[in-house]
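This report goes through the charged side-chain contacts, a strand pair and a surface patch of one protein chain. Please keep the sequence and the 3D view at hand while reading.

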Amino acid sequence: MKSRETDSKEPDTIAPALPSWKAFVIQLSHDTTPESGIFAGRVEHLSSGRRQRFASGKELLSMVMRLLRDLDAPGKDQ
């Protein structure tokens, strides 16, 4: 009978499906409600601490995409 170790073809390290360097916190303003039509607040990239305010869903998405473009994945160049 073969051991599990010899049957395993998995790499030594598996990249997480949700990497921590892509984690964000979204804080919505007090005025943001479905009734008000307001969608505003602040987004913060957890690993870099970079943060920006947004005044619409479109701005939020644009800011997150810009932050992801600006930031390199840890170990990307290694």
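In which strand is the place of I26? I26 lies in strand β1, which covers residues 24-28. The model is a predicted one, and the descriptions below should be read with that in mind.

**Surface patch**

I26 has a relative accessibility of 45% and counts as partly exposed. Together with L28 and F39, I26 makes a nonpolar patch of about 250 Å² on the surface.

**The β2–β3 hairpin**

Strands β2 and β3 form a hairpin, with five residues between them. In the turn, G49 has a positive phi of about 80°. The two strands pair in the antiparallel sense, and the pairing runs over four bridges. Within this pairing, E44 stands opposite R51 of β3.

**Salt bridges**

Side chains of opposite charge can pair when their charged atoms come close. With a cut-off of 4 Å between a side-chain nitrogen of Lys or Arg and a carboxyl oxygen of Asp or Glu, the count is three salt bridges. The table gives each pair with its N to O distance.

| Acidic residue | Basic residue | N to O distance |
|---|---|---|
| E44 | R42 | 3.7 Å |
| E44 | R51 | 3.9 Å |
| D70 | R50 | 3.3 Å |

E44 forms a salt bridge with R42 and another with R51. E44 is buried, because its relative accessibility is 18% and the limit for buried is under 20%. R42, at a relative accessible area of 24%, is partly exposed.

What does the bridge between D70 and R50 tie together? D70 forms a salt bridge with R50, with the closest N and O atoms 3.3 Å apart. D70 belongs to helix α2 (residues 57-70), whereas R50 sits in the loop between β2 (41-45) and β3 (51-54), so this pair ties together parts that are 20 residues apart in sequence. Both ends of the bridge are partly exposed: D70 has a relative accessibility of 43%, and R50 has one of 36%.

Which residues are joined into one network by salt bridges that share partners? They are R42, E44 and R51. E44 is the shared partner, as it bridges to R42 and to R51. E44 and R51 also face each other in the strand pairing, since E44 stands opposite R51 in β3.

How values were computed: Residues are numbered from 1 along each chain as its sequence is written. This is a predicted model: local features need pLDDT of at least 70, side-chain atom pairs count only at pLDDT 80 or more; totals for chains, interfaces and linings use all residues. Side-chain values use heavy atoms; hydrogens and water are left out. Buried means under 20% relative accessible area, exposed over 50%, partly exposed in between (1.4 Å probe, protein chains only). Patches are made of residues with over 30% relative accessible area and no salt bridge: like charges are joined within 9 Å, nonpolar side chains (Val, Leu, Ile, Met, Phe, Trp, Tyr) within 5 Å. Accessible areas come from the Shrake-Rupley method with a 1.4 Å probe; for residues, only the protein chains shown count as cover. Two strands pair if DSSP finds at least two bridges between them.
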